[in-house]
Amino acid sequence: MFWADKIAADAEGYQVVNDSKTPSGRVHVGSLRGVVIHDVIYRALKHAGKPVKFLYGVDDYDALDNVPKYLDQEKFSPYLGFPLCNVPSPEDSTSDYAKYFMGEFLEVFEYLGIRPEIYYLRDLYRSGKLNSYIDTFLKNAHLVREAYKEVSKADRPSNWYPFQVVCENCGKIATTVTTDYNGSEVFYTCNPNATDYVKGCGHSGWVSPFNGNGKLPWKVEWVAKWDILGVTIEMAGKDHSQKGGSRDVANAISRKVLQKQPPFHSPYEFILVNGTKMSSSKGVGSSAKEIAALLPPELLRFLMLRTQPRTVINFAPNYETITRLFRDYDTLINKYSQSPELTEELMPLFYAQLEDEVKAFQPFDFSTLISLLQVPRLNIQEEIVQRSQQPLTEHDQQIVNQRIASAQLWLQDYADEEEKLVLYLEQVPEKAYQLTQEQVGYLQKLIENLQNISHWEAEELQTLIFSTTKELQIQQANAFKALYLSFLNKERGPKAGGLLSYLEQSFVISRLQDVVALNADKEKVQVSI
(Lines give C-alpha, C1' and ligand atoms only; values in the text may rest on other atoms or scores of the structure.)
Protein backbone atom coordinates (compact mmCIF):
# COMPACT_ATOMS: atom_id res chain seq x y z
CA MET A 1 0.00 0.00 0.00
CA PHE A 2 1.25 3.48 -0.88
CA TRP A 3 2.51 5.32 2.22
CA ALA A 4 -0.18 8.05 2.18
CA ASP A 5 -2.97 5.51 1.68
CA LYS A 6 -1.62 3.58 4.68
CA ILE A 7 -1.86 6.72 6.85
CA ALA A 8 -5.40 7.31 5.58
CA ALA A 9 -6.45 3.73 6.24
CA ASP A 10 -5.25 3.92 9.85
CA ALA A 11 -6.88 7.30 10.58
CA GLU A 12 -10.09 7.36 12.59
CA GLY A 13 -12.54 10.23 12.93
CA TYR A 14 -12.28 13.82 11.68
CA GLN A 15 -8.75 14.72 10.57
CA VAL A 16 -6.99 18.07 10.39
CA VAL A 17 -3.76 18.04 8.38
CA ASN A 18 -1.45 20.96 9.13
CA ASP A 19 1.81 22.33 7.75
CA SER A 20 3.51 25.72 8.08
CA LYS A 21 6.38 27.89 6.87
CA THR A 22 8.38 30.89 8.06
CA PRO A 23 8.58 33.22 5.03
CA SER A 24 12.11 34.49 5.69
CA GLY A 25 12.90 34.94 1.99
CA ARG A 26 12.26 33.29 -1.36
CA VAL A 27 10.85 29.91 -0.52
CA HIS A 28 13.18 27.23 -1.86
CA VAL A 29 12.00 24.16 -3.72
CA GLY A 30 12.97 22.03 -0.72
CA SER A 31 10.03 23.47 1.24
CA LEU A 32 7.67 22.08 -1.37
CA ARG A 33 8.35 18.54 -0.23
CA GLY A 34 6.49 19.04 3.03
CA VAL A 35 3.69 20.87 1.25
CA VAL A 36 3.19 18.09 -1.31
CA ILE A 37 3.47 15.35 1.34
CA HIS A 38 0.74 16.97 3.45
CA ASP A 39 -1.41 17.59 0.36
CA VAL A 40 -1.11 13.94 -0.65
CA ILE A 41 -2.11 12.80 2.88
CA TYR A 42 -5.12 15.13 2.62
CA ARG A 43 -6.02 13.67 -0.79
CA ALA A 44 -5.53 10.10 0.42
CA LEU A 45 -7.93 10.75 3.32
CA LYS A 46 -10.49 12.21 0.92
CA HIS A 47 -9.97 9.27 -1.42
CA ALA A 48 -10.63 6.93 1.53
CA GLY A 49 -13.86 8.77 2.34
CA LYS A 50 -12.54 10.18 5.62
CA PRO A 51 -13.66 13.69 6.78
CA VAL A 52 -10.62 15.98 6.59
CA LYS A 53 -9.43 19.59 6.47
CA PHE A 54 -6.02 20.82 5.24
CA LEU A 55 -4.48 23.90 6.91
CA TYR A 56 -1.30 25.80 6.09
CA GLY A 57 0.14 28.31 8.54
CA VAL A 58 2.35 31.32 7.88
CA ASP A 59 4.70 31.81 10.83
CA ASP A 60 5.01 35.53 10.27
CA TYR A 61 5.59 36.47 13.93
CA ASP A 62 9.04 34.86 13.70
CA ALA A 63 11.97 37.28 13.63
CA LEU A 64 13.92 38.38 10.56
CA ASP A 65 17.27 36.77 11.41
CA ASN A 66 19.14 37.34 8.17
CA VAL A 67 18.86 39.65 5.17
CA PRO A 68 18.97 37.49 2.01
CA LYS A 69 21.77 38.45 -0.37
CA TYR A 70 19.30 39.36 -3.14
CA LEU A 71 17.76 42.16 -1.02
CA ASP A 72 19.01 45.68 -0.29
CA GLN A 73 21.16 45.16 2.81
CA GLU A 74 21.05 48.82 3.79
CA LYS A 75 17.26 48.94 3.62
CA PHE A 76 16.54 45.73 5.55
CA SER A 77 19.38 45.43 8.06
CA PRO A 78 17.67 47.90 10.46
CA TYR A 79 14.77 45.42 10.68
CA LEU A 80 16.84 42.44 11.86
CA GLY A 81 15.11 40.95 14.93
CA PHE A 82 11.69 42.37 13.97
CA PRO A 83 8.65 40.11 13.45
CA LEU A 84 8.49 39.34 9.73
CA CYS A 85 5.02 40.86 9.49
CA ASN A 86 6.46 44.16 10.80
CA VAL A 87 9.21 44.33 8.16
CA PRO A 88 8.43 46.37 5.03
CA SER A 89 7.77 44.61 1.75
CA PRO A 90 10.53 44.50 -0.89
CA GLU A 91 7.93 45.86 -3.33
CA ASP A 92 4.80 47.98 -3.08
CA SER A 93 2.62 45.08 -4.25
CA THR A 94 2.13 43.77 -0.69
CA SER A 95 1.77 45.22 2.80
CA ASP A 96 4.82 43.58 4.38
CA TYR A 97 7.80 41.26 4.01
CA ALA A 98 6.00 38.09 5.10
CA LYS A 99 3.07 38.54 2.73
CA TYR A 100 5.43 39.36 -0.14
CA PHE A 101 7.42 36.15 0.08
CA MET A 102 4.45 34.02 1.10
CA GLY A 103 2.58 35.38 -1.92
CA GLU A 104 5.25 33.92 -4.21
CA PHE A 105 4.91 30.55 -2.48
CA LEU A 106 1.10 30.55 -2.65
CA GLU A 107 1.32 31.11 -6.42
CA VAL A 108 3.24 27.83 -6.59
CA PHE A 109 0.55 26.16 -4.42
CA GLU A 110 -2.09 27.15 -6.96
CA TYR A 111 0.12 25.97 -9.83
CA LEU A 112 0.43 22.56 -8.17
CA GLY A 113 -3.27 22.26 -7.41
CA ILE A 114 -2.65 22.59 -3.65
CA ARG A 115 -5.43 24.55 -1.95
CA PRO A 116 -5.25 24.45 1.86
CA GLU A 117 -6.93 26.94 4.16
CA ILE A 118 -4.25 29.57 4.86
CA TYR A 119 -3.86 31.20 8.27
CA TYR A 120 -1.37 33.79 9.54
CA LEU A 121 0.10 33.71 13.05
CA ARG A 122 -0.27 37.49 13.33
CA ASP A 123 -4.03 37.02 13.15
CA LEU A 124 -4.10 34.35 15.85
CA TYR A 125 -2.01 36.53 18.17
CA ARG A 126 -3.57 39.93 17.47
CA SER A 127 -7.16 38.66 17.57
CA GLY A 128 -6.60 37.25 21.06
CA LYS A 129 -7.27 33.65 20.02
CA LEU A 130 -3.97 32.55 21.55
CA ASN A 131 -4.39 34.56 24.78
CA SER A 132 -5.58 31.62 26.87
CA TYR A 133 -2.65 29.50 25.67
CA ILE A 134 -0.17 32.27 26.44
CA ASP A 135 -1.61 32.49 29.96
CA THR A 136 -1.49 28.70 30.43
CA PHE A 137 2.11 28.36 29.32
CA LEU A 138 3.27 31.35 31.37
CA LYS A 139 1.57 29.97 34.48
CA ASN A 140 3.15 26.59 33.82
CA ALA A 141 6.57 27.87 32.82
CA HIS A 142 8.18 25.37 35.20
CA LEU A 143 6.66 22.48 33.25
CA VAL A 144 7.87 23.93 29.95
CA ARG A 145 11.36 24.25 31.43
CA GLU A 146 11.15 20.64 32.60
CA ALA A 147 10.22 19.47 29.08
CA TYR A 148 13.21 21.26 27.56
CA LYS A 149 15.51 19.80 30.21
CA GLU A 150 14.23 16.22 30.07
CA VAL A 151 13.99 15.91 26.28
CA SER A 152 16.75 18.07 24.80
CA LYS A 153 18.97 18.61 27.88
CA ALA A 154 18.45 22.37 27.43
CA ASP A 155 18.68 23.99 30.84
CA ARG A 156 16.51 27.10 31.16
CA PRO A 157 17.02 29.44 34.19
CA SER A 158 14.38 29.31 36.91
CA ASN A 159 13.23 32.81 35.94
CA TRP A 160 12.91 32.00 32.21
CA TYR A 161 9.37 32.31 30.86
CA PRO A 162 8.21 31.00 27.46
CA PHE A 163 7.38 34.33 25.85
CA GLN A 164 9.05 36.92 23.62
CA VAL A 165 7.73 40.47 23.76
CA VAL A 166 7.82 42.85 20.82
CA CYS A 167 10.02 45.52 22.41
CA GLU A 168 8.03 48.70 22.94
CA ASN A 169 11.16 50.77 22.38
CA CYS A 170 12.93 49.27 19.35
CA GLY A 171 10.36 46.88 17.82
CA LYS A 172 12.54 43.77 17.99
CA ILE A 173 11.18 40.41 19.13
CA ALA A 174 14.33 38.29 18.81
CA THR A 175 16.21 40.10 21.58
CA THR A 176 13.63 40.15 24.38
CA VAL A 177 13.82 37.86 27.41
CA THR A 178 10.86 37.41 29.77
CA THR A 179 11.69 36.80 33.43
CA ASP A 180 8.41 37.24 35.32
CA TYR A 181 4.62 36.98 35.01
CA ASN A 182 2.07 38.37 37.48
CA GLY A 183 -1.06 36.98 35.81
CA SER A 184 -1.72 39.98 33.59
CA GLU A 185 1.70 41.36 32.60
CA VAL A 186 5.16 40.02 31.92
CA PHE A 187 8.47 41.64 32.80
CA TYR A 188 10.95 41.64 29.94
CA THR A 189 14.34 43.01 28.96
CA CYS A 190 15.52 43.74 25.44
CA ASN A 191 18.88 42.07 25.98
CA PRO A 192 21.81 43.57 24.01
CA ASN A 193 23.48 40.13 23.88
CA ALA A 194 20.45 37.91 23.27
CA THR A 195 21.46 36.96 19.71
CA ASP A 196 24.62 36.98 17.62
CA TYR A 197 23.06 38.79 14.66
CA VAL A 198 21.47 41.88 16.23
CA LYS A 199 21.75 43.86 19.47
CA GLY A 200 18.86 44.49 21.84
CA CYS A 201 18.27 48.09 22.90
CA GLY A 202 18.42 47.42 26.68
CA HIS A 203 14.85 48.57 27.38
CA SER A 204 12.92 46.74 30.12
CA GLY A 205 9.48 46.94 31.69
CA TRP A 206 6.12 45.33 32.35
CA VAL A 207 3.66 44.78 29.49
CA SER A 208 0.61 42.65 28.73
CA PRO A 209 1.58 39.52 26.76
CA PHE A 210 -1.79 39.36 25.07
CA ASN A 211 -3.37 40.53 21.79
CA GLY A 212 -0.20 40.49 19.69
CA ASN A 213 2.27 42.12 22.09
CA GLY A 214 4.59 39.15 21.62
CA LYS A 215 4.78 35.46 20.85
CA LEU A 216 5.44 32.06 22.34
CA PRO A 217 8.78 30.35 21.48
CA TRP A 218 8.10 28.29 18.40
CA LYS A 219 8.23 24.85 20.04
CA VAL A 220 5.62 26.04 22.54
CA GLU A 221 3.73 27.91 19.83
CA TRP A 222 3.62 24.65 17.85
CA VAL A 223 1.72 22.99 20.70
CA ALA A 224 -0.71 25.90 20.98
CA LYS A 225 -1.43 25.71 17.26
CA TRP A 226 -2.11 21.97 17.43
CA ASP A 227 -4.71 22.50 20.12
CA ILE A 228 -6.46 25.62 18.86
CA LEU A 229 -6.69 24.27 15.31
CA GLY A 230 -7.47 20.67 16.28
CA VAL A 231 -4.50 19.31 14.32
CA THR A 232 -4.39 15.50 14.10
CA ILE A 233 -1.66 14.99 11.47
CA GLU A 234 1.52 17.02 11.02
CA MET A 235 4.72 15.64 9.57
CA ALA A 236 8.10 17.30 10.11
CA GLY A 237 11.45 17.44 8.39
CA LYS A 238 14.33 15.26 9.53
CA ASP A 239 16.05 18.19 11.27
CA HIS A 240 13.05 18.69 13.59
CA SER A 241 12.47 14.96 14.03
CA GLN A 242 15.79 13.86 15.54
CA LYS A 243 15.69 12.17 18.93
CA GLY A 244 15.54 14.96 21.52
CA GLY A 245 14.83 17.48 18.77
CA SER A 246 12.14 20.10 18.25
CA ARG A 247 9.27 17.69 17.68
CA ASP A 248 10.12 15.61 20.75
CA VAL A 249 10.23 18.77 22.88
CA ALA A 250 6.86 19.93 21.52
CA ASN A 251 5.35 16.50 22.12
CA ALA A 252 6.54 16.58 25.74
CA ILE A 253 5.13 20.09 26.29
CA SER A 254 1.77 18.99 24.86
CA ARG A 255 1.60 16.07 27.29
CA LYS A 256 3.00 17.89 30.34
CA VAL A 257 1.14 21.18 30.11
CA LEU A 258 -2.03 20.47 28.14
CA GLN A 259 -2.29 16.77 29.05
CA LYS A 260 -3.00 16.02 25.38
CA GLN A 261 -1.50 13.60 22.90
CA PRO A 262 0.36 15.31 20.02
CA PRO A 263 -0.73 14.80 16.41
CA PHE A 264 0.41 11.87 14.28
CA HIS A 265 3.92 12.47 13.02
CA SER A 266 6.45 10.86 10.71
CA PRO A 267 9.68 12.50 9.55
CA TYR A 268 10.58 13.26 5.95
CA GLU A 269 14.00 13.86 4.46
CA PHE A 270 15.52 16.96 2.92
CA ILE A 271 15.81 18.00 -0.68
CA LEU A 272 19.48 18.63 -1.38
CA VAL A 273 21.11 20.49 -4.24
CA ASN A 274 24.41 18.80 -5.07
CA GLY A 275 24.50 17.51 -1.50
CA THR A 276 23.68 20.85 0.17
CA LYS A 277 20.52 21.49 2.18
CA MET A 278 18.61 24.40 0.67
CA SER A 279 17.96 27.56 2.66
CA SER A 280 15.52 30.33 1.80
CA SER A 281 17.19 32.98 3.97
CA LYS A 282 20.66 32.22 2.60
CA GLY A 283 19.48 32.04 -1.00
CA VAL A 284 21.02 28.61 -1.51
CA GLY A 285 19.48 26.52 -4.26
CA SER A 286 16.60 27.15 -6.65
CA SER A 287 13.46 28.84 -5.43
CA ALA A 288 10.11 27.08 -5.61
CA LYS A 289 8.90 29.75 -8.03
CA GLU A 290 11.86 29.21 -10.37
CA ILE A 291 11.49 25.43 -10.43
CA ALA A 292 7.73 25.78 -10.93
CA ALA A 293 8.49 27.88 -13.99
CA LEU A 294 10.82 25.14 -15.27
CA LEU A 295 8.74 21.99 -14.68
CA PRO A 296 5.13 21.21 -15.60
CA PRO A 297 3.11 20.93 -12.36
CA GLU A 298 2.66 17.16 -12.55
CA LEU A 299 6.42 16.69 -12.98
CA LEU A 300 7.17 18.92 -9.99
CA ARG A 301 4.74 16.96 -7.84
CA PHE A 302 6.20 13.71 -9.17
CA LEU A 303 9.70 14.87 -8.19
CA MET A 304 8.49 14.93 -4.58
CA LEU A 305 6.55 11.66 -4.76
CA ARG A 306 8.62 9.17 -6.75
CA THR A 307 10.72 8.46 -3.63
CA GLN A 308 9.54 7.57 -0.12
CA PRO A 309 9.34 10.59 2.25
CA ARG A 310 12.22 9.20 4.33
CA THR A 311 14.53 9.14 1.28
CA VAL A 312 16.71 12.15 0.49
CA ILE A 313 16.04 13.86 -2.85
CA ASN A 314 19.26 15.20 -4.37
CA PHE A 315 17.93 17.66 -6.93
CA ALA A 316 19.96 19.68 -9.39
CA PRO A 317 18.37 20.76 -12.68
CA ASN A 318 21.22 19.44 -14.82
CA TYR A 319 20.76 17.39 -17.98
CA GLU A 320 21.00 13.96 -16.37
CA THR A 321 18.62 14.76 -13.49
CA ILE A 322 15.92 16.52 -15.47
CA THR A 323 15.84 14.07 -18.37
CA ARG A 324 15.65 11.13 -15.92
CA LEU A 325 12.73 12.81 -14.14
CA PHE A 326 10.74 13.06 -17.37
CA ARG A 327 11.77 9.54 -18.40
CA ASP A 328 10.61 8.03 -15.08
CA TYR A 329 7.30 9.86 -15.36
CA ASP A 330 6.78 8.68 -18.95
CA THR A 331 7.55 5.08 -17.95
CA LEU A 332 4.62 5.15 -15.52
CA ILE A 333 2.38 6.87 -18.07
CA ASN A 334 3.11 4.07 -20.54
CA LYS A 335 2.37 1.42 -17.89
CA TYR A 336 -0.90 3.15 -17.01
CA SER A 337 -1.85 3.38 -20.71
CA GLN A 338 -1.35 -0.38 -21.09
CA SER A 339 -3.23 -1.24 -17.89
CA PRO A 340 -5.16 1.62 -16.23
CA GLU A 341 -5.31 -0.05 -12.83
CA LEU A 342 -3.88 2.00 -9.95
CA THR A 343 -1.34 -0.40 -8.50
CA GLU A 344 1.02 0.72 -5.72
CA GLU A 345 3.70 1.35 -8.37
CA LEU A 346 1.39 3.83 -10.13
CA MET A 347 0.25 5.73 -7.03
CA PRO A 348 3.05 8.36 -7.31
CA LEU A 349 1.71 9.05 -10.81
CA PHE A 350 -1.87 9.29 -9.52
CA TYR A 351 -0.99 11.70 -6.72
CA ALA A 352 1.19 13.74 -9.07
CA GLN A 353 -1.93 14.81 -10.96
CA LEU A 354 -3.62 18.11 -10.19
CA GLU A 355 -6.96 16.38 -9.97
CA ASP A 356 -7.95 12.82 -9.00
CA GLU A 357 -7.52 11.44 -12.51
CA VAL A 358 -4.61 10.20 -14.62
CA LYS A 359 -5.09 11.33 -18.20
CA ALA A 360 -2.86 9.21 -20.43
CA PHE A 361 -0.95 10.76 -23.32
CA GLN A 362 1.63 9.83 -25.93
CA PRO A 363 4.97 10.76 -24.32
CA PHE A 364 7.61 12.53 -26.39
CA ASP A 365 11.11 12.05 -25.01
CA PHE A 366 12.34 15.18 -23.22
CA SER A 367 16.02 14.64 -24.03
CA THR A 368 15.10 14.41 -27.72
CA LEU A 369 13.21 17.69 -27.43
CA ILE A 370 16.26 19.38 -25.90
CA SER A 371 18.34 18.24 -28.86
CA LEU A 372 15.76 19.11 -31.52
CA LEU A 373 15.39 22.63 -30.20
CA GLN A 374 19.07 23.20 -30.86
CA VAL A 375 19.11 22.01 -34.48
CA PRO A 376 19.24 25.06 -36.77
CA ARG A 377 16.43 25.63 -39.27
CA LEU A 378 14.34 22.79 -37.85
CA ASN A 379 10.55 23.13 -37.57
CA ILE A 380 10.09 21.62 -34.12
CA GLN A 381 6.35 20.97 -34.41
CA GLU A 382 6.67 19.24 -37.79
CA GLU A 383 9.57 17.15 -36.52
CA ILE A 384 7.55 16.02 -33.49
CA VAL A 385 4.62 15.00 -35.68
CA GLN A 386 6.94 12.98 -37.93
CA ARG A 387 8.62 11.25 -34.99
CA SER A 388 5.42 10.42 -33.07
CA GLN A 389 4.21 6.83 -33.35
CA GLN A 390 0.54 7.87 -33.51
CA PRO A 391 -1.22 11.06 -34.63
CA LEU A 392 -1.14 13.58 -31.79
CA THR A 393 -4.40 14.21 -29.94
CA GLU A 394 -5.20 17.67 -28.58
CA HIS A 395 -4.06 16.50 -25.12
CA ASP A 396 -0.83 15.08 -26.58
CA GLN A 397 -0.14 18.45 -28.20
CA GLN A 398 -0.76 20.29 -24.91
CA ILE A 399 1.81 18.06 -23.19
CA VAL A 400 4.29 18.57 -26.05
CA ASN A 401 3.87 22.35 -25.84
CA GLN A 402 4.48 22.22 -22.08
CA ARG A 403 7.65 20.25 -22.64
CA ILE A 404 8.89 22.53 -25.39
CA ALA A 405 8.53 25.48 -23.00
CA SER A 406 10.36 23.55 -20.25
CA ALA A 407 13.16 22.51 -22.60
CA GLN A 408 13.59 26.07 -23.90
CA LEU A 409 13.79 27.47 -20.36
CA TRP A 410 16.22 24.74 -19.31
CA LEU A 411 18.50 25.53 -22.26
CA GLN A 412 18.30 29.25 -21.52
CA ASP A 413 18.80 29.24 -17.74
CA TYR A 414 20.21 25.90 -16.58
CA ALA A 415 22.22 24.12 -19.28
CA ASP A 416 26.00 24.13 -18.94
CA GLU A 417 28.00 24.92 -22.05
CA GLU A 418 29.02 21.28 -22.26
CA GLU A 419 25.35 20.29 -22.28
CA LYS A 420 24.42 22.65 -25.10
CA LEU A 421 24.34 21.36 -28.65
CA VAL A 422 26.13 23.67 -31.11
CA LEU A 423 26.10 21.99 -34.51
CA TYR A 424 28.77 23.03 -37.00
CA LEU A 425 26.80 22.93 -40.25
CA GLU A 426 28.86 25.27 -42.43
CA GLN A 427 32.36 24.03 -41.71
CA VAL A 428 34.31 21.20 -40.14
CA PRO A 429 35.01 21.99 -36.47
CA GLU A 430 38.59 22.87 -35.63
CA LYS A 431 39.05 20.00 -33.15
CA ALA A 432 38.01 17.45 -35.78
CA TYR A 433 41.46 17.94 -37.36
CA GLN A 434 43.06 16.24 -34.35
CA LEU A 435 41.78 12.66 -34.72
CA THR A 436 44.01 9.63 -34.29
CA GLN A 437 44.56 7.13 -37.10
CA GLU A 438 42.34 4.69 -35.22
CA GLN A 439 39.50 7.24 -35.07
CA VAL A 440 39.87 8.08 -38.76
CA GLY A 441 39.70 4.38 -39.58
CA TYR A 442 36.52 4.12 -37.51
CA LEU A 443 34.90 7.02 -39.39
CA GLN A 444 35.84 5.45 -42.73
CA LYS A 445 34.11 2.19 -41.78
CA LEU A 446 31.13 4.06 -40.32
CA ILE A 447 30.70 5.97 -43.63
CA GLU A 448 30.53 2.65 -45.45
CA ASN A 449 27.97 1.26 -43.01
CA LEU A 450 25.86 4.44 -43.02
CA GLN A 451 25.53 4.26 -46.80
CA ASN A 452 23.86 0.87 -46.44
CA ILE A 453 21.55 1.59 -43.47
CA SER A 454 17.91 0.68 -44.10
CA HIS A 455 16.20 3.31 -41.88
CA TRP A 456 17.65 6.68 -40.91
CA GLU A 457 16.24 6.54 -37.38
CA ALA A 458 17.79 7.17 -33.96
CA GLU A 459 17.73 3.61 -32.58
CA GLU A 460 18.98 1.96 -35.77
CA LEU A 461 21.74 4.57 -36.07
CA GLN A 462 22.74 4.05 -32.44
CA THR A 463 22.94 0.29 -32.98
CA LEU A 464 25.04 0.79 -36.10
CA ILE A 465 27.44 3.16 -34.33
CA PHE A 466 27.98 0.55 -31.60
CA SER A 467 28.29 -2.40 -33.99
CA THR A 468 30.94 -0.54 -35.98
CA THR A 469 33.06 -0.14 -32.85
CA LYS A 470 32.82 -3.88 -32.24
CA GLU A 471 33.61 -4.61 -35.88
CA LEU A 472 36.88 -2.68 -35.59
CA GLN A 473 37.45 -3.49 -31.89
CA ILE A 474 37.92 0.19 -31.10
CA GLN A 475 37.10 1.55 -27.65
CA GLN A 476 33.62 3.03 -27.68
CA ALA A 477 34.80 6.21 -25.92
CA ASN A 478 37.30 6.94 -28.71
CA ALA A 479 34.74 6.23 -31.43
CA PHE A 480 32.11 8.49 -29.92
CA LYS A 481 34.69 11.21 -29.33
CA ALA A 482 35.51 11.18 -33.07
CA LEU A 483 31.81 11.57 -33.91
CA TYR A 484 31.16 14.41 -31.51
CA LEU A 485 34.28 16.29 -32.58
CA SER A 486 33.15 16.00 -36.21
CA PHE A 487 29.84 17.75 -35.60
CA LEU A 488 30.02 19.58 -32.23
CA ASN A 489 33.71 20.47 -31.74
CA LYS A 490 33.63 18.81 -28.30
CA GLU A 491 34.20 15.33 -26.93
CA ARG A 492 30.75 14.71 -25.45
CA GLY A 493 27.21 15.25 -26.60
CA PRO A 494 23.67 13.85 -26.68
CA LYS A 495 22.87 10.30 -27.73
CA ALA A 496 24.86 9.89 -30.96
CA GLY A 497 22.16 8.02 -32.87
CA GLY A 498 19.66 10.73 -32.03
CA LEU A 499 22.12 13.45 -33.04
CA LEU A 500 22.69 11.94 -36.49
CA SER A 501 18.97 11.28 -36.98
CA TYR A 502 18.28 15.02 -36.78
CA LEU A 503 20.50 15.58 -39.82
CA GLU A 504 20.18 14.57 -43.47
CA GLN A 505 21.90 11.31 -44.35
CA SER A 506 23.77 12.94 -47.23
CA PHE A 507 25.06 15.73 -44.95
CA VAL A 508 26.29 13.29 -42.29
CA ILE A 509 28.17 11.14 -44.79
CA SER A 510 29.62 14.21 -46.53
CA ARG A 511 30.81 15.71 -43.23
CA LEU A 512 32.47 12.47 -42.14
CA GLN A 513 34.17 12.18 -45.55
CA ASP A 514 35.49 15.74 -45.14
CA VAL A 515 36.83 14.94 -41.67
CA VAL A 516 38.58 11.79 -42.97
CA ALA A 517 40.07 13.73 -45.91
CA LEU A 518 41.32 16.59 -43.75
CA ASN A 519 42.97 14.24 -41.30
CA ALA A 520 44.53 12.31 -44.19
CA ASP A 521 45.96 15.58 -45.56
CA LYS A 522 47.33 16.34 -42.09
CA GLU A 523 49.13 13.00 -42.05
CA LYS A 524 50.66 13.69 -45.49
CA VAL A 525 51.94 17.08 -44.34
CA GLN A 526 53.51 15.54 -41.24
CA VAL A 527 55.18 12.79 -43.32
CA SER A 528 56.62 15.29 -45.82
CA ILE A 529 58.03 17.40 -43.00
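Throughout these legends, contact or touching means heavy atoms within 4.5 Å. The structure is a predicted model, in which local features need pLDDT of at least 70 and side-chain atom pairs count only at pLDDT 80 or more, whereas totals for chains, interfaces and linings use all residues. Residues are numbered from 1 along each chain as its sequence is written, and side-chain values use heavy atoms, with hydrogens and water left out.

**View 1. Surroundings of Asp39 in helix H2.** Asp39 is found in helix H2; helices (H or I, at least four residues) and strands (E, at least two) are DSSP runs, numbered from the N terminus. With a relative accessible area of 2%, Asp39 is buried, where buried means under 20% relative accessible area, exposed over 50% and partly exposed in between, for a 1.4 Å probe and protein chains only. Not counting residues up to four places away in sequence, Asp39 touches Phe54, Ile114 and Arg301. Pro116 stands 77 residues from Asp39 in sequence, and the C-alpha atoms of the two are 8.0 Å apart in space.

**View 2. The largest nonpolar core and the contacts of Phe105.** A nonpolar core is a set of buried Ala, Val, Leu, Ile, Met, Phe, Trp, Tyr and Cys residues joined through side-chain atoms within 4.5 Å. The largest such core has 70 residues, of which Trp3, Leu32, Ile41, Phe105, Leu295 and Leu300 touch the most other members. Helix H2 (residues 31-47) gives the most to this core, contributing nine residues. When neighbours within four places in sequence are left aside, Phe105 is in contact with Lys21, Val27, Ser31, Leu32, Val35, Tyr56 and Ala288. Another core, of 49 residues, lies apart from the largest one and has Tyr133, Ala236, Val249 and Ala252 among its members.

**View 3. Helix H7 and the helices against its buried residues.** Helix H7 (residues 141-152) has twelve residues and reaches 16 Å from its first C-alpha to its last, close to the 16 Å expected at 1.5 Å a residue; the expected span is 1.5 Å times one less than the number of residues in the helix. Ala141, Leu143, Val144, Arg145, Ala147 and Tyr148 are buried in H7, and the buried residues of this helix pack against helix H6 (131-139), helix H8 (218-229) and helix H9 (246-257). An α-helix has 3.6 residues a turn, so residues three or four places apart point the same way. Lys153, just after H7, takes a positive phi of about 65°.

**View 4. Helix H8 and the residue that follows.** H8 also has twelve residues, and the distance from its first C-alpha to its last is 16 Å, close to the 16 Å expected at 1.5 Å a residue. Its buried residues are Lys219, Val220, Glu221, Trp222, Val223, Ala224, Lys225 and Trp226, a list that includes charged residue types such as Lys219 and Glu221. Gly230 follows H8 and has a positive phi, near 70°.

**View 5. Asn131 in helix H6.** Asn131 lies in helix H6 and is buried, with a relative accessible area of 18%. Leaving out residues up to four places away in sequence, Asn131 touches Tyr125, Phe210 and Asn211.

**Setting of the views.** The protein chain from which these close-ups are taken has 21 helices and 13 strands, and 54% of its 529 residues count as buried. Its C-alpha atoms fill a box of roughly 100 × 60 × 45 Å, taken along the principal axes.
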